[in-house]
Amino acid sequence: MRIFVTTAKGEEIAVQAVPGYSLAQAVYLSGFFDVPPLCSGHGAGISRCGRCRMRFEGLLAAFPASPRDMAVLGGQAVREGWRLACRIDCRELARHLEQADDPSGRDEKRAGVTLPNAVRIVDRNFEPAPLRGGGSGAELPEVLRVSKDADAGERTRKTTLAVDFGTTSICWKFSADREDSADARMVNPQMGAGSDIMSRLALAHPARELFGSGRERLRVLSAGALSRILDTVKAGARTDEIVVAGNPAMMYLLLGKDVSGLCAAPYKLDYRGGTREILPACPNLPPCWICPLISPFVGGDISAGYASLVFGGRAVARSRAQYPFLLADLGTNGEFILALDERRALAASLPLGPALEGMGLCCGSEAREGVITGFQLAPEGLRAKFFKNKPVEQAQGLSATAYLELLMHLLKLGLVDQDGHFKKPEAAGLPAETPLPLPLIRKLAGRLGGAPASSEAAWHIADNFYISSGDIEEILKIKAAFSLAVKTLVKEAGLTCGSLRAFYLAGALGSFVTPQALAVLGFVPEELLSRLVPAGNTALDGAALLAGKPELREKLIQWAALAHTLSLAGQEDFHNRFTEEMRFRF
Ligand code: FES
C-alpha cells in the first residue's frame with residue numbers, strides 16, 4: 001500500500017506503508033525527509049511531543065482520532081485532520097482503506113498525508129532498502145549516493161572526519177576545519193524508527209525481517225548520513241578516513257551487524273570496535289575507524305570521551321583529568337565511567353529516555369537558536385536565558401537544561417517539593433529565607449493551573465510555555481537513574497563522592513547545564529558542586545583527537561578491554577533503590 005506524502009511546500013513523494021511499522025516510521029524511514037526529533041519509542045516519554053503529526057487527506061480524511069491525538073494536538077488540530085503518526089500502525093490504515101467508501105476509485109481519491117511546515121525533503125533520489133513486507137524485491141542497494149569526495153581528482157589536501165554518531169544527533173568535524181569552528185550537527189535519520197536505542201534495535205532485530213528489512217533500512221540511512229556529511233567537505237580537501245564514536249547499537253546498525261545480542265538478556269557484545277571498517281555496500285565511503293566499545297550499552301562515545309579527557313582533547317586543553325574522576329555522557333542513554341587510574345575503570349549505563357534531548361517534555365526542544373536554555377531569578381521573577389544569549393521575541397521551546405533550572409528555582413521557592421509535586425498556592429509553605437519577596441512568590445504560585453488539552457497540573461511560565469506534572473516525573477526518572485549510577489559506582493570502587501577529583505558532564509547536558517541545578521535537584525551531592533565540569537561534546541573531541549593522532553588508538557583499545565562494567569539493573573534491590581532515588585535529593 002502506498003501513501004502519498006506532501007510537504008508544506010507542496011512537493012509529493014509516495015512511500016510504502018509497511019505493515020508492522022507506524023505511519024511515522026514508514027514515512028521517516030523512507031529516507032526522503034528530514035526527520036524531526038521525535039519522542040516516540042520504547043519506554044518513557046512516549047507520544048507527548050506532537051512532532052510526528054500529519055494531516056490526513058483523501059481516503060484517510062475520515063480516519064478516527066484517538067484520545068491521545070486530542071490530548072497532544074488539541075480539538076482544533078484534530079478537526080483539521082491532524083493525527084499523531086507515531087501512534088498509528090500501517091495495518092490500521094490498510095483496514096481503514098479497505099472499508100473506505102470509494103465509489104470513484106482509489107487512484108483518484110488517494111490516501112494522503114501532509115507533513116508539518118518544518119519537514120523538508122532531504123533527498124528526493126534516496127534509494128531506501130527494499131521492503132519485503134512492502135511488496136518489492138529483497139535485493140539490497142549496492143551503492144549509496146556517491147560522495148563528492150570520491151571523484152575529487154584534483155583535491156590534494158587530506159582531511160579526516162570525526163563523527164559523534166549519537167542516538168539523537170550526529171555531530172561532526174573535519175580536521176581541516178579551524179580548531180574553534182562550531183561543530184556541525186544533524187538529526188540522526190534513524191530517528192524515524194523511534195527516539196531511543198531499544199526502538200532502533202527492535203526494528204533491526206532479525207524477527208522483524210518478516211515485516212521489512214529494518215536492519216537494512218537503518219544501515220542505509222546511517223551510511224547515507226555519513227555520505228551527506230562528506231558532501232560538506234571544504235573545496236580542495238579529500239577525506240581519507242572517518243573516526244566514528246557511538247554507542248554499540250549505533251555502531252552495529254552502521255556496520256549492518258546482527259543486533260540480536262543487544263536486544264535481550266543476557267546481553268552480549270560480539271564486536272568490540274577499535275577496528276578500521278569498510279562499510280558494507282558502500283565502496284565510495286572512506287574507511288571508518290570505530291572507537292572501542294566497552295560493553296553492550298557502554299560504547300565508543302564514552303571511550304572517545306575518556307581519550308579526550310586523559311590524552312588531551314579540546315575539552316580539557318588547559319588541564320588534563322586527574323584520577324579518580326567520573327565521566328557521564330548523557331543522552332537517551334546515560335553512560336558512566338569511573339576512572340580509577342590509567343588501567344582501572346568501572347563503567348555503567350542506564351536508559352534515560354529522550355527528555356534530556358528535549359523530546360517528550362510538553363514544551364521541550366533541543367538546544368538551538370530561539371530556544372530557552374535556562375532561567376535566572378530577577379526582580380520581576382524568573383527571567384529566561386536564551387541559546388547563546390540571543391533572545392528572540394517568540395521562544396521556540398525549552399531545552400532540558402531550561403527545565404532543570406526552572407525546577408531548581410521552583411524547588412527553592414517552595415513551589416515544588418522534593419517528591420516533585422506542585423504545591424498549591426494556598427498551601428505553598430514558603431521557605432524561611434526566600435530568594436524573592438513574599439508577594440512575588442505568591443504571585444508566582446498563582447501560575448499553577450492545568451496543562452492545555454490534558455488533565456495534568458502545570459505551572460505556567462508564559463502564555464505558551466509550562467512545565468507539567470508529567471514533565472517533572474520524566475525528569476525525576478532521569479535524576480533517579482543518574483544518582484543511582486553515581487552512588488553505585490562510587491560505592492563499588494570503595495570511594496566516596498568527596499574523594500573524586502572531578503566529575504565531567506558530557507552529552508546533552510555537557511554544554512549548557514548549570515552545575516548548581518544538578519546539586520539542588522540531587523543529581524549529585526553538594527560537596528561535588530565545585531568539581532562538576534560541563535565538558536561539552538567529549539565524544540566528538542575524542543574522535544577528532546584519535547583521527548589526528550592514530551598512535552593513541554592502541555592505548556585506548558587496551559584501556560577499554562580492561563574496563564569493568566557493572567550491571568545496575570541486574571543488581572539486587574534495583575527497583576526499590578530506583579524508587580528511593582525518585583526524589584530531588586541526593
Ligand atoms: S507524539 Fe508522536 S513522536 Fe512525539
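This note sets out the strand pairing and helix packing of the predicted model.

1. Basis. Residue numbers start from 1 along each chain as its sequence is written. As the model is predicted, local features need pLDDT of at least 70 and side-chain atom pairs count only at pLDDT 80 or more, while totals for chains, interfaces and linings use all residues. Helices (H or I, at least four residues) and strands (E, at least two) are DSSP runs, numbered from the N terminus. Two strands pair if DSSP finds at least two bridges between them.

2. Six-stranded sheet. An open sheet with mixed pairing has the strand order S8-S7-S6-S9-S11-S10. Its edges are strand S8 (184-187) and strand S10 (276-277), each of which pairs on one side only. S10 and strand S11 (residues 288-290) are antiparallel and share two bridges; Arg276 stands opposite Trp289 in S11.

3. Helix on this sheet. Helix H6 (residues 214-230) packs on the sheet and touches strands S6 (157-165), S7 (169-174), S8 and S9 (237-246). Contact requires C-beta atoms, placed from the backbone, within 7 Å. The direction of H6 makes about 140 degrees with that of S6; axes are lines fitted to C-alpha atoms, for helices over the stretch in contact, and angles run from 0 to 180 degrees between N-to-C directions.

4. Hairpin. Strands S15 (residues 372-378) and S16 (residues 381-386) run antiparallel and are joined by six bridges. Two residues lie between them in the hairpin, and Gly374 has Lys385 in S16 as its bridge partner.

5. Three-stranded sheet. The open sheet S17-S18-S19 has antiparallel pairing. Strands S17 (448-450) and S19 (465-468) each have a single partner strand, so one side of each lacks a neighbour in the sheet.

Note on methods: Contact = placed C-beta atoms within 7 Å.
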